[in-house]
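Here are some exercises to work through with the model open in your viewer. Try each task before you read its solution.

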Amino acid sequence: MVKFTKQFEGQLVPEWKEAFVDYWQLKKDIKKIHCDSTSSSSKPTKKSSLTDTLFSSMHKLSLFGNQCREREFIHVHSKLETASKGVVYKTELLEQFDHTEATSAFFALLDLQLNKVNEFYRKKEKEFLDRGECLEKQLHILVELKTALKDQHKNKANSSYHDSKDEDSISGTISSDEESSRGMIDHDFMEEENLAEDVEAYVMQCLPGSEKLEKERSKNEGEQSLARCISNCQEKKLKIRIPLTNPTRTFSYLLWEDLINQSSKKQNGPDKKLHINKTKLHHAEKMIRGALIELYKGLGYLKTYRNLNMLAFAKILKKFDKVTNKQVLPIYLKVVESSYFNSSDKVIKLADEVEEIFVKQFTQDDRRKAMKYLKPTQCKESHVVTFFIGLFTGCCIALLAGYAVMAHSTGTYGPQSNTIYMETVYPLLSMFSLLFLHFFLYGCNIFMWRKTRINYSFIFELYPTRELKYRDIFLICTTSITVVVGVLFVHLSLLEKGYSYSQVELIPGLLLLGFLLLLVCPINIVYKSSRYRLLSVLRNIILSPLYKVVMLDFFMADQLCSQVPMLRNLEYVGCYYLTGSYKTQDYGYCVRTKNYRDLAYAVSFLPYYWRAMQCARRWLDEGDTGHLTNLGKYVSAMLAAGAKVAYEKEKSVGWLCVVVIMSSITTVYQLYWDFVKDWGLLQMNSKNPWLRNELILRRKFIYFLSMGLNVVLRLAWLQTVLHYKFGGIDSRLTGLFLAALEVIRRGHWNFYRLENEHLNNAGKFRAVKMVPLPFHEVDEQD
């Protein structure tokens, strides 16, 4: 049977951990009480008289003795405080109870926990109830607009062109109110949830109905629905704010599209015809649906919060009764049961209402389909995956050993290495090695995040039923590297048997082509949803100024900054096969040709450029100057990379000095950002010296060790200046080793980056996304 402590820690909401009952500290207090009672019982006691013994025995046998005893051990006082607008509980120990310091401390802490739970529950309940009320209004507007759109289309289909021209429009005036993309939404939205910011303002001002409007309402259903939609917002301004999260919406803003806009710009009079934009309405519907899903998730977390805390109080009181041999559980538990967090049923009612609304409005009364959105179930982990991980790991090790023996016997990687092989095949092997090493480290990151209860799924906004588990990632890595090494082993075997390069040169190219085709394969095989999510993230990165930047996008862009050697190898291999150089083994063509050589240099800048553009976009969206400081870090990295490229072309002392200076500045800049901004360490006023107040790992020396390791791995660029040779090993192998160190540093960086992000969420109790809503009513002065 699993201990309750592990069960409690495993089921609690990670971001709300501080708001739960401090079960661990209460257990420690009970241990102190047990130690005090053990030490006091070991002391010699006076012999009781015969009269006292008989009296105590009669008291125990009394029918009402235990009930009086239960009533007289403790008394819990309740007091209504106007400041917190809630009841505060305080326990009084009566004379019949043994007054010890440990016991008093236990009940003081117990009261503190009960008051804390009630206060947090009341606060979150109000937050979700307000959100539900707001969503109800949003949904009401959406239903009216959808009904008006449906009836308007029906009216157009049943009416003549003349009638529709004269009767479809509703009298009213439209005013346009442009707003900048900065400072439009609430600061909590932009800071807490990394969601798209309100950038476009759409305004419709409705006039009071006239006699003519009343007559038109009675003509057909379409006019009635649209008239009702407009009359509901009389003397108000209704805005719809669709986030500019992609280029399509950005261009739509530039082209002045609106949910409710002018159907004819030629009219200049006060009466203008209105029509409803179906695309904008669809975006608004998606936003409301997403907000309902997040609200339902939050309500589920709050129900879990109530149930776990109720169980924790019962368990800890049971332990107390067992240690002290006092029956306080019925007394205190009755108070807990009647307290606000356990007696309020508003959350349950709201959850049922959200469920009914979602089933009716978004799944056409299909409850089973609705539950897939509201309560997604995670796929069960199979032992078959573990079996194949072991199988492919063994195959990979065997093939690597065979490949190493064959490469050593042929002298492939020695000082007198085969130039054609090293220039054509080795870049491909190097590229796949760095790629799958990075992927393997990501699997290790997921394992550690899950073990330490870091909610990476919430941070990355991953869908529960589609996210990759660490076992899936290990399976992909072992399978892929087995295929790569197996193909290259066959390729090298054919070369050793006497086949010419022209006969086997296509094998490495087909291997790369196979992986690329599998990545874009539309068939639902080999984790299709994850492959397409990866492609969408890469698209967002490449077009980063046009896309709203979320956590997963800039996290992935940071990974690409550590994969510059892999990208340069990919560019070289692609050039070698696409230009047809493989037919003549002209491996130097892509190096000699100016256009391809310049493209290779550009690849070195692209990851830093993409990341800098993301920082610029975040600054434009949020207005936080910290993003400009972060942009400067990537600009300095581009300058350092440019100095290295220039030094590779001209081995002069001047360029060497520029490389050393720029690389040193960039390294110091990056180290500061790693430790202070990304990891949240080096806080002077922290209770943990040189660290931060909250730490997930228990051993503090690990953080200092990690900072030292990060410094060492950041200095790997010195090899590009020193050009130190390790024996007779080819210089390309040295470059691969240094590139692997940078990948390892990035995988090591990933854990602490998400730890800091998780702690920031936990510090503000953010467990669900606050999705921005589309419809907004504003005053006349706005």
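A nonpolar core here is a set of buried Ala, Val, Leu, Ile, Met, Phe, Trp, Tyr and Cys residues joined through side-chain atoms within 4.5 Å. Keep in mind that this is a predicted model.

**Exercise 1. The overall picture**

Task: Find how many helices and strands the protein has, and what percentage of its residues is buried.

Solution. Start with the secondary structure: there are 32 helices and six strands. Next, take burial, which means under 20% relative accessible area. Of the 782 residues in the protein, 46% are buried. Finally, look at contacts between residues at least 6 apart in sequence: 74% of them join residues at least 24 apart.

**Exercise 2. The largest core**

Task: Work out which residues have the most contacts inside the largest nonpolar core, and which helix gives the largest share of it.

Solution. The core in question has 75 residues, and the ones with the most contacts inside it are Trp16, Phe106, Leu110 and Tyr305. Helix α11, residues 278–324, supplies the largest share of this core, with 19 residues. Another core lies apart from it, made of 38 residues that include Leu475, Ile476, Trp749 and Tyr752.

Now zoom in on Tyr305. Once you set aside its neighbours within four places in sequence, Tyr305 is in contact with Trp16, Ala19 and Phe20, and also with Lys116, Val117, Phe120 and Tyr121.

**Exercise 3. The two sides of a helix**

Task: Take helix α15 (residues 367–374) and decide which of its residues are buried. Then say which exposed residues sit on the face turned away from them.

Solution. First, pick out the buried residues of α15: Ala370, Met371 and Leu374. They span an arc of only 100° around the axis, so they lie on the same side of α15. That buried set packs against α11 and α14 (346–362). On the face turned away from the buried side you'll find the exposed residues Arg368 and Lys372.

Last, check the start of the helix. There, a side-chain oxygen of Asp366 comes within 3.4 Å of the backbone nitrogen of Arg368.

**Exercise 4. Cavities**

Task: Say how many cavities of 30 Å³ or more there are, and which residues line the largest cavity.

Solution. The count comes to four cavities of 30 Å³ or more. The largest cavity holds about 70 Å³ of space. Going round its lining, you meet Glu127, Phe128 and Arg131, then Ala291, Glu294 and Leu295, and then Val768, Lys769 and Met770. The elements that give two or more residues to this lining are α5 (101–158) and α11.

**Exercise 5. Positive phi outside glycine**

Task: Look up phi for Tyr527 and for Gln585, then place each residue in its loop.

Solution. Begin with what you'd expect: most residues other than glycine have a negative phi. Tyr527 has a positive phi, near 55°. Tyr527 sits in the loop between α22 (506–519) and α23 (528–542). With a relative accessibility of 29%, Tyr527 counts as partly exposed.

Then turn to Gln585, whose phi is also positive, at about 55°, although Gln585 isn't a glycine. Its loop runs between α25 (564–578) and α26 (589–592).

**Exercise 6. Partners along the chain**

Task: For Val385, Ala646 and His75, find the element that holds each residue. Are they buried or partly exposed?

Solution. Val385 is in helix α16 (residues 383–410). Its relative accessible area is 17%, so Val385 is buried. Val385 and Arg471 are 86 residues apart in sequence, yet their C-alpha atoms are 6.8 Å apart. Not counting residues up to four places away in sequence, Val385 touches Arg471, Asp472 and Leu475.

Ala646 belongs to helix α28 (residues 626–649). At 16% relative accessibility, Ala646 also counts as buried. Between the C-alpha atoms of Ala646 and Val659 there are 8.9 Å, and along the chain the two are 13 residues apart.

His75 is part of strand β1 (residues 74–81). Its relative accessibility is 39%, so His75 counts as partly exposed. The C-alpha atoms of His75 and Ile331 are separated by 8.0 Å, with their places 256 residues apart along the chain. Leaving out residues up to four places away in sequence, His75 touches Lys90, Thr91, Glu92 and Leu94.

Terms used. Residues numbered from 1 in each chain as written. Predicted model: local features only at pLDDT ≥ 70, side-chain atom pairs only at ≥ 80, totals over all residues. Heavy atoms only, no water. Buried < 20%, exposed > 50% of the residue type's maximum accessible area, 1.4 Å probe, protein only. Helix = DSSP H or I, 4+ residues; strand = E, 2+ residues; numbered from the N terminus. Contact = heavy atoms within 4.5 Å. Arc of directions from axis to C-beta. Polar contact = N/O pair within 3.5 Å; in protein donor to acceptor, adjacent residues only side chain to side chain. 1 Å grid on protein atoms, 1.4 Å probe; cavity = no way out; pocket = protein on both sides within 12 Å on 5 of 7 lines; lining within 4 Å. Points joined across faces, edges and corners; volume = space filled by probe spheres on them.
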